[in-house]
Amino acid sequence: MGFDASNLKALDCTLRLFVIPLSIASIWLSVTNQQNNISYGNLEFTNFTGLKYMVGISAASGGYALFTAIALWVRGLVTKAWFFFVSDQLVAYLMVTSLAAIWEILYLAYNGDQMVSWSEACTSFGKFCSRLKLVLVLHAITLCCFLALAVISAYRVFSRFQPPSKDNEEEKEMH
């Protein structure tokens, strides 16, 4: 089963371009997220290393998506399918790690950790937690796009090779 190369290229480019505003939105929501509570003080983006990590990964993935969307259409900029395969895999893995960081922050904010005497914080910082949930959703959608891109780039690389045939395997066993 083969795919039309021009349709696959269009889907690839569309996903890459779709990622850019998602990345910008999650960065903006994270960086501007803050809430002041009279009893507990100010809570902001810079208080969380995991959020700073996610912002860095989002910025890198958005920039990478723009570069590779352009590279798909500009001949000679990046011509190796292996480049897309390896870099799409890498970005997808980094997106997983940054999503896990946000998930952990949200989990602790909503549930706390009684074993180490951390109480939940979202009753006191509801606006902050709500925006962080939106960041989680946007980042998860971005991750899904990169997972699809990783599959597309893997298809491009590995569809160039012929699957092993019975005849070839029988010849190898004879030698």
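**Cysteines, helix packing and the nonpolar core**

The sulfur of Cys144 lies 7.1 Å from the closest cysteine sulfur, that of Cys145, which is too far for a bond; a disulfide, by the criterion applied here, requires two cysteine sulfur atoms within 2.5 Å. The model described here is a predicted one, and the structure holds 1 disulfide. This disulfide joins Cys122 to Cys129, with a separation of 1.9 Å from S to S. The angle about the S-S bond is -85°, and the link of Cys122 and Cys129 is accordingly described as left-handed. Both Cys122 and Cys129 are buried. Cys13 also counts as buried, because its relative accessibility is 10% and the limit for that class is set at under 20%.

The overall arrangement of the protein chain comprises 5 helices and 2 strands, and from the N terminus on these elements follow the order α-β-β-α-α-α-α. Of the 175 residues of the protein chain, 41% count as buried. When contacts between residues at least 6 apart in sequence are considered, 76% of them join residues that are at least 24 apart.

The packing of two of these helices can be described in detail. Helix α2, which spans residues 49–73, packs against helix α4, residues 126–158, at an angle of about 40°, and the axes of α2 and α4 are 12 Å apart. The crossing of α2 and α4 is left-handed. On the side of α2, the contact is made by Leu51, Met54, Ser58, Ser61, Tyr64, Ala65 and Leu72, while α4 contributes Phe128, Leu132, Val135, His139, Phe146 and Arg156. Divided by character, the residues of this contact between α2 and α4 comprise 9 nonpolar, 3 polar and 1 charged.

Several residues of this contact reappear in the largest nonpolar core, which has 37 residues; within this core, Leu51, Met54, Met95, Ile102, Phe128, Leu132 and Phe146 touch the most other members. At least two residues of the core are supplied by each of α1 (5–31), α2, α3 (81–111) and α4, and α4 gives the most, with 10 residues.

Two of these core residues illustrate how distant parts of the sequence are brought into contact. Met54, when its neighbours within four places in sequence are left aside, is in contact with Ser26, Ser30, Ser98, Ile102, Val135 and His139. Phe146 is found in helix α4 and counts as buried, because its relative accessibility is 0%. With residues up to four places away in sequence not counted, Phe146 touches Val19, Ser61, Tyr64, Ala65, Val91, Ala92 and Met95. Phe146 and Asp12 are 134 residues apart in sequence, yet their C-alpha atoms are 9.9 Å apart in space.

Tyr107, by comparison, has its place in helix α3 and counts as partly exposed, because its relative accessibility is 48% and this class covers values between the buried limit of 20% and the exposed limit of 50%. The C-alpha atom of Tyr107 is separated by 8.9 Å from that of Glu120, a residue 13 places away along the chain.

How values were computed: Residues are numbered from 1 along each chain as its sequence is written. This is a predicted model: local features need pLDDT of at least 70, side-chain atom pairs count only at pLDDT 80 or more; totals for chains, interfaces and linings use all residues. Side-chain values use heavy atoms; hydrogens and water are left out. Axes are lines fitted to C-alpha atoms, for helices over the stretch in contact, and angles run from 0 to 180 degrees between N-to-C directions. Helices (H or I, at least four residues) and strands (E, at least two) are DSSP runs, numbered from the N terminus. A crossing is left-handed if the near helix is turned anticlockwise from the far one by less than a right angle, and right-handed if clockwise. Contact means heavy atoms within 4.5 Å. Ala, Val, Leu, Ile, Met, Phe, Trp, Tyr, Cys and Pro count as nonpolar, Asp, Glu, Lys and Arg as charged, and the others, Gly among them, as polar. Buried means under 20% relative accessible area, exposed over 50%, partly exposed in between (1.4 Å probe, protein chains only). A nonpolar core is a set of buried Ala, Val, Leu, Ile, Met, Phe, Trp, Tyr and Cys residues joined through side-chain atoms within 4.5 Å.
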